Amino acid sequence: MSEDAGLRSEKPAQSEILVVTGMSGAGRSTAANALEDHGWYVVENLPPQMLGPLSELVARSPETMPKLAVVVDVRTRELFREVREALAGLRSAGVDYRVLFLDATDDVLVRRFEQGRRPHPLQGDGRILDGLALEREVMNEVRDFADLRIDTTDKNVHQLATTITDLFKEDGPIVLRINVMSFGFKYGLPVDANYVADVRFLPNPHWVPQLRPLTGQDEAVSEFVLHENGAEEFVEKYVSALEPVFEGYRKENKHYANIAIGCTGGKHRSVAVAIELGKRLAQLPGVKVAVHHRDLGRE
């Protein structure tokens, strides 16, 4: 169903306030630029002490800045406490906001710093990894209460900008956007997944010689996986289990969820099930689904 078929929500009467944070090197500036390109008023490197007063000012006069994005750096526990206090103050004052957290694996962050020929702000006389370790101690706490988490490990600046555009285009996130991702457990869990399902209970096409070179995108593999006992029941019941979750997201003004489906290598079972799950979820009202395969081709 298209967004024009009755799914477009009314523009909110109050301002939309988005707090953008995350690991250094994970793409905060890229996200800020993409938001600015789509009509958001962006304030970068705002001292945490100013978050509350600025947001309250905007909330009182939403016509001035109807969409405010504030990029904050909370690499120390003192700053983290100040941000938490400011956000708690906004909530108690009835000001709605969301927190976007950007993350990436340490090896990718190190490579980005090296390519940019700049040190990590917290590394001092040590290595980039030392700075990242200090920052991650605090950032893990921030990530836990974020409304949206985006893993930029496998995204270049253009792909991240596209993701931000999809989530926060001109009229804001007007439908519930679901990303269904297949992955291989042997390559690690997706750090930005809201829900993870394990489909290794299904027989593995890897052990069928004629299916081994194929993927879950091929009809022969898809039929093999989805026609196994338990596959149809799993997909059907998983969709049913997610429906009240999506309804709760809408009530809490959450507009994005990342659902990860894993098998051993991310080539056969998880790919076939992710595609089928995406088809079923796309049939729900007010839901827009994208499917991608994180580890396909890595073997």
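**Notebook: two sheets and their helices**

I opened with a strand pair: β2 and strand β3 (residues 67–71) run parallel to each other and are joined by three bridges. Within that pair, I found Y41 bridged to L68 of β3. A reminder to myself that this is a predicted model.

Next I looked up which helix packs on the sheet that holds these strands. It is helix α1 (residues 28–37), which touches β1 (16–22), β2, β3 and β4 (98–103). I noted that the direction of α1 makes about 160° with that of β1.

Then I traced the whole sheet. It is open, has five strands with parallel pairing, and follows the order β2-β3-β1-β4-β5. At its edges I found β2 (41–43) and β5 (148–151), each pairing on one side only. I also wrote down the turn between neighbouring strands, which is 20° on average with direction ignored.

I moved on to α5, which lies across β1, β4 and β5. Its angle to β4 is about 140°. I was curious about what else packs here: the buried residues of α4 do so against α5 (128–144).

So which residues of helix α4 are buried? Looking through residues 106–116, I listed V108, L109, V110 and F113. Just after α4 comes R117, and I noted its positive phi, near 55°.

**Second sheet**

I turned to the other sheet I had marked. This one is open as well, with four strands in the order β7-β8-β6-β9 and parallel pairing. The edges are β7 (195–198) and β9 (287–293); each has a single partner strand, so one side of each is left without a neighbour in the sheet. From one strand to the next, the twist averages 20°.

I took a closer look at one pair in this sheet. Strand β6 (residues 176–184) and strand β8 (residues 256–263) are parallel, and I noted eight bridges between them. For G184, the bridge partner in β8 is C263.

**A residue in α6**

Is D166 buried, exposed or partly exposed? I found D166 in helix α6 (residues 157–167). Its relative accessible area is 40%, and it counts as partly exposed because that value falls between the 20% and 50% limits. I also checked D166 against R177, eleven residues apart from it along the chain: their C-alpha atoms are separated by 8.6 Å.

**Two crossing helices**

At what angle do helix α8 (residues 231–251) and helix α9 (residues 269–281) cross? I got roughly 50°, with the axes coming within 10 Å. That angle makes α8 oblique to α9. The crossing of α8 and α9 is right-handed.

I listed the residues that make this contact. From α8 they are E232, F234, V235, E236, Y238, V239, L242 and F246. From α9 they are V273, E276, L277, R280 and L281.

**The chain as a whole**

Last, I stepped back for the totals. I noted nine helices and nine strands in the chain. It has 299 residues, of which 49% count as buried. About 14,800 Å² of the chain is exposed, and carbon and sulfur atoms supply 50% of that area. Among contacts with a separation of 6 or more, 78% join residues 24 or more positions apart.

Key. Residues numbered from 1 in each chain as written. Predicted model: local features only at pLDDT ≥ 70, side-chain atom pairs only at ≥ 80, totals over all residues. Heavy atoms only, no water. Buried < 20%, exposed > 50% of the residue type's maximum accessible area, 1.4 Å probe, protein only. Contact = heavy atoms within 4.5 Å. Areas by Shrake-Rupley, 256 points an atom, 1.4 Å probe, with all protein chains shown as cover. Pairing = 2+ DSSP bridges. Axes fitted to C-alpha atoms, helices over the stretch in contact; angles between N-to-C directions. Parallel < 35°, antiparallel > 145°, perpendicular 65-115°, else oblique. Left-handed = near helix turned anticlockwise from the far one by under 90°.
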